Amino acid sequence: MLADIVKTRETIAGLFRQRFGSDPLLVRSPGRVNLIGEHTDYNEGFVLPAAVDKAIVLAAAPRNDRRFRFVAADLHQDDEGSFEILAPSPLGWPDYLLGIVDQLEKTGRKVPGVDLVFGGTIPIGAGMSSSAAVEAGFLFLLNAMFDLGIPLLDMAKMAQRAENEFIGVRCGIMDQFANLFGTEGHVLRLDCRSLQYEAVPFRRADVSIVLCDTMVRHELASSEYNKRRRQCEEGVEALRRRHPAVKSLRDATPEMLADVRDLLDPVVERRCRYVVEENGRVLEGCADLRKGDLEAFGGRMILSHEGLRDLYEVSCRELDTLVEAALKLDGVFGARMMGGGFGGCTINLVREDCVEDFAREIPEVYRDAIGREMNLHLCRITGGTSLIQPK
Ligand code: GLA
């Protein structure tokens, strides 16, 4: 795993020197997992993410003008232009970088142009927040390069806004926060209202975090994501008519929801019920982890998946197949879909001595049921985005 990031660092730094002929500043920016607490962040609720050892490296140097040259090493694509005209690129990926420059401009910071190469090991669109890694990693890099003095929490908020405003996905703050605040060996219990967090130890040599990537990326993902947000907002509006103190679903209880059932569209009611229950599961799950009770924690992961599948309706056949298959195997504490949904990964907590069997059997079941290949990723929890040395 360590070898992975060293290899990436060397490759990206080497490419930079070859393309631009100077020594770059280097940043490592990780992907994330989320143990539990899905679609709760934009409802001001709780999440339990961690930064992991799938990461990208960004290498950059400042220019004397305001032009940019970006190289996406893994995609073998280049883009160039000027920070004077921040227009979305037909290539798509430059927008995650330009959105950051846009945020800097909106907060009164005009930065010089840069040459940049980036790439790494976070699978794209797999629900491991490759986009947040580009956004937050680039902002972190610019902040260091131009001595902007932006506090970490402000960087998380700006990176989130870049995604909201420049990309048009109304995501919450979980991914950008986990990327920047990640702590080796710990999951972050983040309160998405106060943005206070606690690092909860997760150092179990006997348990592995295994991701199963369906390798499907459904087109629906971002439009359905925004639709879920609207449905949650609709739920809050109805709740407020009888319970004016409710500011977001974070404040709602199952009793309140039952009380306004007659005001709610049945679909909206299901969405809200899921969020209220999931918030409870995160808090209870943290208590399980502190006690070292992985059986209880795993049970909550399973309930989380059922809620995402039946009430929030963001799962898909491929994800359900992987969760069902995992739960039939020995040594699996819990399994559920992870991230926004409609494809991407499942997250599984697997007893160390059962990982080998897991890795052999799950891809077979998937091939038989779905007729295609999947990918497996073993993840170790690492620190958040940081500057790294060239050698
Ligand atoms: C995506 C978003 C996050 C969060 C998750 C679902 O990863 O970027 O803000 O809402 O989906 O939990």
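## Ligand site and helix packing

In this predicted model, a side-chain N or O atom of D175 sits 2.6 Å from an oxygen atom of the ligand. Of the 310 Å² of accessible area that the ligand has on its own, the protein covers 91%.

Let's look at who else is around. The residues surrounding the ligand are R32, E38, H39, D41, Y42, C171, G172, M174, D175, Y225, G339 and G340. Sorted by class, this shell holds 4 nonpolar, 4 polar and 4 charged residues. Besides D175, E38 and D41 also place polar side-chain atoms by ligand oxygen atoms: the distance is 2.7 Å for E38 and 2.5 Å for D41. Here are these polar contacts together:

| Residue | Side-chain N or O atom to ligand oxygen |
|---|---|
| E38 | 2.7 Å |
| D41 | 2.5 Å |
| D175 | 2.6 Å |

Now for the helices. Two of the residues around the ligand, M174 and D175, fall within helix α5, which spans residues 174-181. Helix α5 packs with helix α3, residues 130-145, and their axes lie 9 Å apart. How are α3 and α5 oriented relative to each other? Their angle is about 50°. An angle that is neither under 35 degrees nor in the range 65 to 115 degrees nor over 145 degrees counts as oblique, so α3 and α5 are oblique to each other. The crossing of this pair is right-handed.

Helix α3 has a further partner in helix α4, residues 152-167. The axes of α3 and α4 come within 9 Å and cross at roughly 130°, and this pair is therefore oblique too. As for handedness, α3 and α4 make a right-handed crossing.

Methods: Residues are numbered from 1 along each chain as its sequence is written. This is a predicted model: local features need pLDDT of at least 70, side-chain atom pairs count only at pLDDT 80 or more; totals for chains, interfaces and linings use all residues. Side-chain values use heavy atoms; hydrogens and water are left out. A residue is near a molecule or strand if one of its heavy atoms lies within 4 Å of it. A polar contact is a pair of N or O atoms within 3.5 Å; within protein, one must be able to donate a hydrogen and the other to accept it, and residues adjacent in sequence count only if both atoms are side-chain atoms. Accessible areas come from the Shrake-Rupley method with a 1.4 Å probe; for residues, only the protein chains shown count as cover. Ala, Val, Leu, Ile, Met, Phe, Trp, Tyr, Cys and Pro count as nonpolar, Asp, Glu, Lys and Arg as charged, and the others, Gly among them, as polar. Axes are lines fitted to C-alpha atoms, for helices over the stretch in contact, and angles run from 0 to 180 degrees between N-to-C directions. Helices (H or I, at least four residues) and strands (E, at least two) are DSSP runs, numbered from the N terminus. A crossing is left-handed if the near helix is turned anticlockwise from the far one by less than a right angle, and right-handed if clockwise.
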